[in-house]
Each structure stands twice: as C-alpha cells, then as structure tokens.
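Reader: I have a chain open here and would like to go through its fold. Can you take my questions as they come?
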Amino acid sequence: MAAIKLIDLVRKYGDTVAVDRLNLEVNKGEIFGFLGPNGAGKTTTIKMMTGLLSPTSGRVEVGGFDIVRNPMEAKKILGYVPDVPMLFEKLTGREFLDFVCEIWRVEKKEEKIEYWLRTFELLEVADALIESYSHGMKQKLSMVQALIHEPQILILDEPFTGLDPLSAKKSKDILQEFVAGGGTVFFSTHILDVAERFCDRVGIIVRGRLVAVGTLEELREVSDRTLEDIFLRLISSAGLGEKREES
Ligand SMILES: Nc1ncnc2c1ncn2[C@@H]1O[C@H](COP(=O)(O)OP(=O)(O)OP(=O)(O)O)[C@@H](O)[C@H]1O
Ligand SMILES: [Mg+2]
C-alpha cells in the first residue's frame, strides 16, 4: 500500500490554480523529493497533505486514511516540519516538547525529550526561551517536534534551508535512520544536490502540475544529465525560467 496518495488534487486561490490535478503515490519506506521553482505549488500541496489547507477538489490519503474525512487517524501517523517553524516563542525548548508530548500522549516523555535534544545538539539551549534560538536551532527543534511521537510518515517543507553543513548532514542521517526503521519521508527542497544524492525518487512540479516523477535513472532516460540539468530543462520547456543555450 502506498504511504501517501494524492488523487486529482486541486487548490485554487481565486483565479490562481496553485495545484493542478496532482496525482502521485509515495511508497512506504522511500525518501521522496518534491522539487519545483518558487511559487510552483509545493507548500500548497504539503499543506493539503497535512490537513492544514482543504483541497478545492481531489483527495489526500495518508497511510490509507483520508486526511479530510479521518483527520485524527491520519495525523497520528504524520510528522510535519513546516517551511516556517511553528513554535511557541515564550516557552523553552524543553517546555515546548513537553507540551507536544502531552498532545500526543507520548510515553516516557522525559527520556524521549532528552534523547532528541541530545541527538540534535540542542541540550545546551533546552532551558532557554525559543525566541532566543537561531534560525537553525528553531529548524532543528521543529524536526524534533515532528519526530517525537514516532510517526510513520514525515512530511517536511524545505527542512535543510538554513542548516549548517554539519546539522544538515545530521538531519539527513536521522531521516535515513527513520526510513531504515520503516518510515516514509516526503520533503520539498531547492537543493538539487541533496535531492540527487538523498532521494529514492523525485517529483518535479511546475505551475501546479507534476511534470516529471521517477528515480534519477528514470529521469536520466530523458536526458543523460545531472538533476540540475533535467530540472532546468523541464522548467524552460514549461515556459518558465531563462532561455538556455543548446549545448
Ligand atoms: N494564501 C495564499 N493566497 C493566495 N495565493 C497564494 C497563497 N498561498 C500561495 N499562493 C499562490 O499559490 C502558488 C503556489 O505557492 P506555494 O507557496 O505553494 O509555492 P512553493 O512551490 O511552495 O514556492 P516556494 O519554493 O517559493 O516556497 C503561488 O502562485 C502563490 O502566489
Ligand atoms: Mg514553499
């Protein structure tokens, strides 16, 4: 069974069609990269996948549960890292995680909070107010809140933006461990190198439409090039981006 299914998913904002009849299946146990230029519809898609935004039409299934009809069941197995961390600035990191654990009724919460703070090297700032955290620290805390209730599926919107190389590497290792343990990862990114080396499959969205999906090898059958080249070609053939010289 697919971990995530998008079925004829559409989202309009007034006359703007932000997501246009998206159909996509993400398999259990895979790392799926969602790529596309600014304004392509990645965040809109992700917000519909996590139940924060209702589709204009179409459906999202998470672990077999319809996110609109069975939101509780679906959300229980989901971890979500938004593009902008949603944290309570007036709490300390530890207080915030305690609060998150209460919501999810996490057992042995002290142990888990300690474990994740240590894993993301946040122990030193655990008792400082979140408002005093750097961007990267907030991003890491946001990852902890997504992982701490032990979800089956992680959905992340540009998780590596603003992380230093060591933190980015660590986050990738943690996501890989998560997948090795049976989890599924879906994330959006602009970092094509990361997508190229890290994902089992990628999907490319341009102007709300999925223009390519597959493993890197499958995408290379179209042209024997780097992901960056494939990406730029797809964008320009969709009428976006700079006109590129033929080589
Ligand atoms: N709340 C909103 N109201 C109106 N239009 C919106 C809203 N949110 C997004 N849009 C529009 O929907 C389209 C898709 O935006 P979205 O944020 O999903 O893109 P994105 O792929 O995440 O871009 P980025 O890479 O810059 O994060 C854009 O045209 C954007 O202007
Ligand atoms: Mg976005």
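Reader: How many helices and strands are there in the chain?
Author: This is a predicted model, and its chain holds nine helices and 10 strands. The radius of gyration is 18 Å, close to the 18 Å that the globule rule gives for 247 residues, so the chain is as compact as a globular protein of that length.

Reader: And what does the C-alpha trace span along its principal axes?
Author: About 55 × 40 × 35 Å.

Reader: What share of the residues count as buried?
Author: Of the 247 residues, 36% count as buried. As for contacts between residues at least 6 apart in sequence, 68% of them join residues at least 24 apart.

Reader: On to the sheets. In what order do the strands of the four-stranded one come?
Author: The order is 2-1-4-5, in an open sheet with antiparallel pairing. Strand 2 (16-27) and strand 5 (65-66) are at the edges with a single partner strand each, so one side of each has no neighbour in the sheet.

Reader: What packs on that sheet?
Author: Helix 1 (residues 42-49) does, touching strand 1, strand 2 and strand 4. The direction of helix 1 makes about 120° with that of strand 1.

Reader: How many bridges join strand 1 to strand 4?
Author: Five, between strand 1 (residues 2-13) and strand 4 (residues 57-62), which run antiparallel. In one of the pairs, Ile 7 has Arg 59 of strand 4 as its bridge partner.

Reader: Now the six-stranded sheet. Is the pairing parallel, antiparallel or mixed?
Author: Mixed, in an open sheet with the order 6-7-8-3-9-10. Strand 6 and strand 10 are the edge strands, each pairing on one side only. From one strand to the next the twist averages 15°.

Reader: Which helix touches strand 3, strand 9 and strand 10 there?
Author: Helix 9 (residues 227-237), which packs on the sheet with its direction at about 25° to that of strand 9.

Reader: Strand 9 keeps coming up. Why is it largely enclosed?
Author: Strand 9 (residues 201-206) has five of its six residues buried, so the rest of the structure largely encloses it.

Reader: In what sense does strand 9 pair with strand 3?
Author: In the parallel sense, with four bridges between strand 9 and strand 3 (residues 31-35). Leu 35 has Ile 204 of strand 9 as its bridge partner.

Reader: And how does strand 9 run relative to strand 10?
Author: Antiparallel, with five bridges to strand 10 (residues 209-214). Gly 203 stands opposite Val 213, and Ile 204 has Ala 212 as its partner in strand 10. Ile 204 is thus also the residue that bridges to Leu 35.

Reader: What about the hairpin between those two strands, which residue takes a positive phi?
Author: Arg 207, near 50°. The hairpin of strand 9 and strand 10 has two residues between the strands.

Reader: Last topic, helix 5. How far does it reach?
Author: Helix 5 (residues 135-147) has 13 residues and reaches 19 Å from its first C-alpha to its last, close to the 18 Å expected at 1.5 Å a residue.

Reader: Which of its residues are buried?
Author: In helix 5 they are Met 137, Gln 139, Lys 140, Leu 141, Ser 142, Met 143, Val 144, Gln 145 and Leu 147.

Reader: What covers the buried residues?
Author: The cover includes strand 6 (78-81), helix 3 (93-104), helix 4 (109-119) and helix 6 (165-180). Helix 5 also lies across strand 6 and strand 7 (153-157), at about 170° to strand 6.

Notes:
Residues numbered from 1 in each chain as written. Chains lettered and ligands numbered in written order. Predicted model: local features only at pLDDT ≥ 70, side-chain atom pairs only at ≥ 80, totals over all residues. Buried ≥ 20, exposed ≤ 12 C-beta atoms within 10 Å, placed from the backbone. Pairing = 2+ DSSP bridges. Rg over C-alpha atoms; globule rule 2.2 N^0.38 Å. Contact = placed C-beta atoms within 7 Å. Expected span 1.5 Å × (residues − 1). Axes fitted to C-alpha atoms, helices over the stretch in contact; angles between N-to-C directions.
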